[in-house]
Amino acid sequence: MDDKTNQEGAEQLVIFEEKITTVNGQVAIKKYQRGKFLGKGGFAKCYEATNLETKRVLAAKIIVKNSLTKNRARQKLISEIKIHKSLQNTNIVQFEHVFEDHENVYILLELCSNQTLNELIKRRKRLTEIEVQCYVGQIINALKYLHAQKVIHRDLKLGNLFLNKSMELKLGDFGLATKLEFEGEKKRTICGTPNYIAPEVLDGRVGHSFEVDIWSLGVIMYAMLIGKPPFETPDVKTTYRKIKLNQYSFPEHVLISDPAKSLITRILNLDPTQRPTLDEIMAHPFMNTGGTIPKTLPLSTLACPPSASYNKQFQPSTNTSNLKMSTNVLPQRLTETTPNNPKNVQKQTNGSSDRFPLQKPSSSGNIMDDNFGSSGLNNAQNVGYGGTQRPQSQKPNDIRNSQSQKTLSQPFGGTGMQGAQSVNNLGVKQNQAKSEVYVKKWVDYSSRYGLGYLLSNGAIGVFFNDSTKIVLDTKTFKFDYMERKGQDRQDICETYNLNTYNLDIYPQDLRKKVTLLQHFRDYLEPEPQTAASEENETKSLVYVKKWMKTRHAIMFRLSNKIVQVNFTDKTEIILSSEHKMVTYVNKNGDRSHYPLATALDSQNTEMSKRLKYTKEILTHMLNSGQNAGETNSNSNNQRSNPSWQNP
Ligand SMILES: Nc1ncnc2c1ncn2[C@@H]1O[C@H](COP(=O)(O)OP(=O)(O)OP(=O)(O)O)[C@@H](O)[C@H]1O
């Protein structure tokens, strides 16, 4: 390196050269002018460097060869170069070139002139949620690519997340990265940066894999929102102890949203197999907001938070046609910072995951034939998920949810006397039937825990395999827990406030159930609820008292005396014994309301067939000595029940 200094010793002009010997023995020289000092790492000093021929400005990481005397240090650098060189992704610092002279090794990289998220957090203290969503989205993009290449970064931290001049996030520093040689390989080297290191790395016996990057992402998220990493202490040993015990908390003085806390808590799980996958993180309500996420942030955010008017453009639209789609078509949109570009909408599909819950919705194969009762019924295995699920070919507007459901205006099948009944009275009943709470979405995870469901009023509930029930009001964050007690085995209800971060306040047997409730909630993704009214505060919550499944349908009995049957072809029957009304939802999601007395004889053969089937199930239950809708809800029993025939 040709280092010319002036009399004061200040750097004036430093040129470094790459000598390239061509095949015919000629030597070509590429010259770079060293520029601004960018920073210093364990081995390297980093400067801006201008290619004097092309005038392109890059970052040059310069490593003095004398610092590489130990074989281990040399091997580490070789591995870093080998891995980094092989990568190419928008959110990864681009490796440009490497060469050496007698003194140094020069690694030329894409220049990231806006420093790292470490400097940003130091300057700003902490970031707003929209900024965190934007950065997390980009980190996940980098990690998805990296993990697909079988590379684990192993040193994810704020200081390795760079920002280029356009504010794009770039993951850098592959000094600790490793490439897996075979599927399922576990690494045992203890490495990483203390605050960000995953517990399984510290416990070197078990080995570690891709999940260590997910853990570090959780630490990064926390640090961005709170201003410091969750396990930070003045000494490393204490930090390690806290990591191993998963000892951290959310300080009360920093306001962060419930979804943000929930996602961090899910990620910072000591058990790597229980951490969400990258796809699951993207599908989590914190990332899947129903609104849009900026693709990059304005330069002004280097100094101060984005303005309220800036944030507003990314908030969920109140237009019902923009409401959330079904869970397998995520409405996750990454938008350019110039948000007047509604075309830039990117739909992402939920990656297949074998994590929680195991049973994913299926968009085909469970639609019954038009000819109800024909062979199509045998494809009904996936009835465990329903409610809002629609075939993928349908437009989002066709996806049924409470806002978009259509009510037909010719609901009364009968004529004559029934038709002449007091129309007002029917109208009132119809309205009452319309406002009844029903099951909107569910997931059958009874192979392990129970049935989770989302009600039309936004509440989330779980019917556990031990027949206890829990239901959470997502407006007030109060939940009811029902246990059968006493000789008459009646449900006894206790009401609690939801506190995810201190489960110790609950009785022992409730702790795991509260955690499971959160998992079901994350999965079922209720719409954000408006502030609680006093009425909601005091009323006991509607919940699923019983449920059962046949090959053709799933049936719920709710505490508001509703019996709901959802058929595998997406039709639904909702019986309200209180209002003596039947609601029928056809395959297109159209809802019609009928007085119970006339519904069975209705001209609507599709409906009356299904109603008869519903009656048969209820009769069967009564004949077998059980009350309507009070069959044992254990799914194994249901599956082994051979008596259910096609209606
Ligand atoms: N592509 C880049 N663009 C701009 N600045 C960079 C770039 N890469 C590195 N730097 C700066 O150089 C500093 C040192 O780089 P780096 O951390 O990669 O070196 P290192 O010796 O590998 O460090 P570590 O000890 O963390 O492994 C960084 O902290 C950052 O300030």
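1. Let's start at the ligand: a nitrogen atom of the ligand sits 2.9 Å from a backbone N or O atom of E110. Another pair to look at is C112, where a polar backbone atom is 3.0 Å from a nitrogen atom of the ligand. K61 joins in with a polar side-chain atom, 2.8 Å from an oxygen atom of the ligand. On its own the ligand exposes 610 Å², and the protein buries 84% of that (accessible areas come from the Shrake-Rupley method with a 1.4 Å probe; for residues, only the protein chains shown count as cover).

2. A word on what you're looking at: this is a predicted model, where local features need pLDDT of at least 70 and side-chain atom pairs count only at pLDDT 80 or more, while totals for chains, interfaces and linings use all residues. Residues are numbered from 1 along each chain as its sequence is written, and side-chain values use heavy atoms, with hydrogens and water left out.

3. Which residues come nearest to the ligand? They are G42, C46, K61, E110 and C112, out of 17 around the ligand (a residue is near if one of its heavy atoms lies within 4 Å). By class, this shell has ten nonpolar, three polar and four charged residues. Here Ala, Val, Leu, Ile, Met, Phe, Trp, Tyr, Cys and Pro count as nonpolar, Asp, Glu, Lys and Arg as charged, and the others, Gly among them, as polar. Strand β3 gives the largest share of the shell, three residues.

4. Now find K65, in the loop between β5 (57–64) and α1 (71–85) (helices, H or I with at least four residues, and strands, E with at least two, are DSSP runs numbered from the N terminus). An unreviewed UniProt entry places the feature "binding site" at K65; UniProt positions are given in the numbering used here, feature names are shortened, and annotations may be inferred rather than shown by experiment.

5. Is K65 buried or exposed? Neither: K65 counts as partly exposed because its relative accessibility is 26% (buried means under 20% relative accessible area, exposed over 50%, partly exposed in between, with a 1.4 Å probe and protein chains only). Leaving aside residues up to four places away in sequence, K65 touches E100, D101, H102, E103, N104 and V105 (contact means heavy atoms within 4.5 Å).

6. Zooming out, the protein chain has 16 helices and 28 strands. Of its 647 residues, 51% count as buried.

Notes:
Polar contact = N/O pair within 3.5 Å; in protein donor to acceptor, adjacent residues only side chain to side chain.
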